[in-house]
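Q: Could you take a close look at one strand for me? I'd like to hear what surrounds it and what it pairs with.

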Amino acid sequence: MPDGATVKTAMLEIRDLQAFYGESHVLHGVNIDVRQGEVVTLLGRNGAGKTTTMRSIMGIVGKRNGSIRFQGKELIGMAQHRIPRLGIGYVPEERGIFSSLSVDENLMLPPVVKSGGMTVPQIYELFPNLQGRGTTQGTRLSGGEQQMLAIARILRTGADLILLDEPTEGLAPVIIEQIGVAVRKLKQRGFTIVLVEQNFRFAATIADRHYVMEEGHVVDMIPNDQLAQNMDKLHTYLGV
Amino acid sequence: MFDLLGVPPQVLFGQLLLGLINGSFYALLSLGLAVIFGMLNVINFAHGALYMIGAFVAWLLLTKLGLGYWWALGLSPLIVGLLGVVLEKTMLSRLYKLDHLYGLLLTFGLALIMEGAFRHFYGVSGQPYPIPDALKGGQNLGFMFLPNYRGWVVVASLIVCFGTWFAIERTRLGAYLRAATENPVLVQAFGINVPVMITATYGFGVALAGLAGVLAAPIYQVSPLMGSNLIIVVFAVVVIGGMGSILGAIVTGLGLGLLEGLTKVFYPEASNIVVFVVMAIVLLIKPAGLFGRER
């Protein structure tokens, strides 16, 4: 990591995060730091706790404790619907396109929470596939287009931190390439992005740093420029 | 005058009008049930009792405070809606994490308590409620006589039904409602206060029942049992239209009212059961209902 980045302000600080679904204890003391303008990935096998970490940030797990600070504000204990209003946009793993809403309605659904969000023409420029599809039922789009729509609707809101949960899952390589181009453009625009990925080849093309998770906690942090030296270690972590 | 299949047109159109009026009430009530079921996943058995309370509030406003029909038309749905908000906040909202059956049992119990209370204070004989002066009299349409008040009920309920449909299917607020019906957790994760939306939806749904009660007061007697007489048919309407379907509730409500009217003309013996026969057939052929989506 270039030294310059460390002087940037902290966007997200997660300390000793514990999370529970009912009786099962899923996260066991997660520590993660994300600085403004960074793209950080969470890598790890299925069930390592990546998605749960994201859901904990949004407040949609059964119970959580520890500390999650976003721009200095503590999120644990905050009412669920206030968290996104601080400027956090969430793109869930299952994409969450609403079948009873048209593409336009899906796009316009999340309320604007801050000024400075992207305009609809800017969004169409980023995702040309969505243009002219406004009246189509949301779930009639292809998987890749639904993923683009799920990202697009967050960009309107002015959120500065975007949580992307497995944006490439189940998509064709050509679509993954398009999503990658879009994420890089978002980074250039100054968005801070936390990305859950199984596909670390994709992650390596866009991320600044990688957190590796195993069994509910972070076991390693690898800066992207040291990825090559750490390949063997990473292969062991991910079991690939 | 000409006859249709041996039936004088006055009889035919008279029954069709009655059917249309019943259908208007079915539509208003099943619309409220559909909105509530869609958002809360609760089968609101208290709907008939709240319809009855809507009519009683109108009657009480008139007899105790001297406030007439037009006041009641605004105030009564408001009062019933607020009662719904209180019921949702204090009781129903505690049951969402449990099986749907608990919501059904709670609202069924509430209905019994509300009806029992009104029975205790007002008996079962029913109280008359006068037609407002502006809507007295009627029109001779040539083929039939149309009482003004009945025409007004049909028009008013159509306006309210299609206004509600428009608000849900074509506006931004409606988009929130549809989205929250599908995936409340994600809508909450976009920064929308879903619990408040749920409370408001229940309040709105039962306010529609209150409005139906006011509209019904001058036609039927204001009686503690008026809701339970109607609600069973209304549930059949909701099942036929498809649980949670807005348009299904409206179209099926009006359609079945008319069908009942026609049955009264051509085969009166079956008029009380025709709705249930249709329900059985629809459930056999399309279990999700005419307008419902398979879940």
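A: Here's a walk around one strand of chain A, β7.

This is a predicted model, so local features need pLDDT (the predictor's confidence in each residue, from 0 to 100) of at least 70, side-chain atom pairs count only at pLDDT 80 or more, and totals for chains, interfaces and linings use all residues. Residues are numbered from 1 along each chain as its sequence is written, with chains lettered from A and ligands numbered from 1 in the order in which they are written.

On confidence, chain A averages a pLDDT of 90, and 96% of its residues score at least 70.

Now the strand, β7(A), residues 161–165 (strands are DSSP E runs of at least two residues, helices H or I runs of at least four, numbered from the N terminus). Five of its five residues are buried, so the rest of the structure largely encloses β7(A). Buried here means 20 or more other C-beta atoms, placed from the backbone, within 10 Å of the residue's own. That goes for both faces: A:Leu161, A:Leu163 and A:Asp165 sit on one side, A:Ile162 and A:Leu164 on the other.

As for partners (two strands pair if DSSP finds at least two bridges between them), β6(A), residues 88–91, runs parallel to β7(A) and is joined to it by four bridges; A:Ile162 is the bridge partner of A:Gly89. Five bridges link β7(A) to β8(A), residues 192–196, also in parallel, and there A:Asp165 partners A:Val196.

Finally, β7(A), helix α6 (residues 173–188) of chain A and β8(A) form a right-handed β-α-β unit: with the strands pointing away from the viewer, the path from the first strand over the helix to the second runs clockwise.

Conventions: A residue is buried if 20 or more other C-beta atoms lie within 10 Å of its own, exposed if 12 or fewer, and partly exposed in between; C-beta atoms are placed from the backbone.
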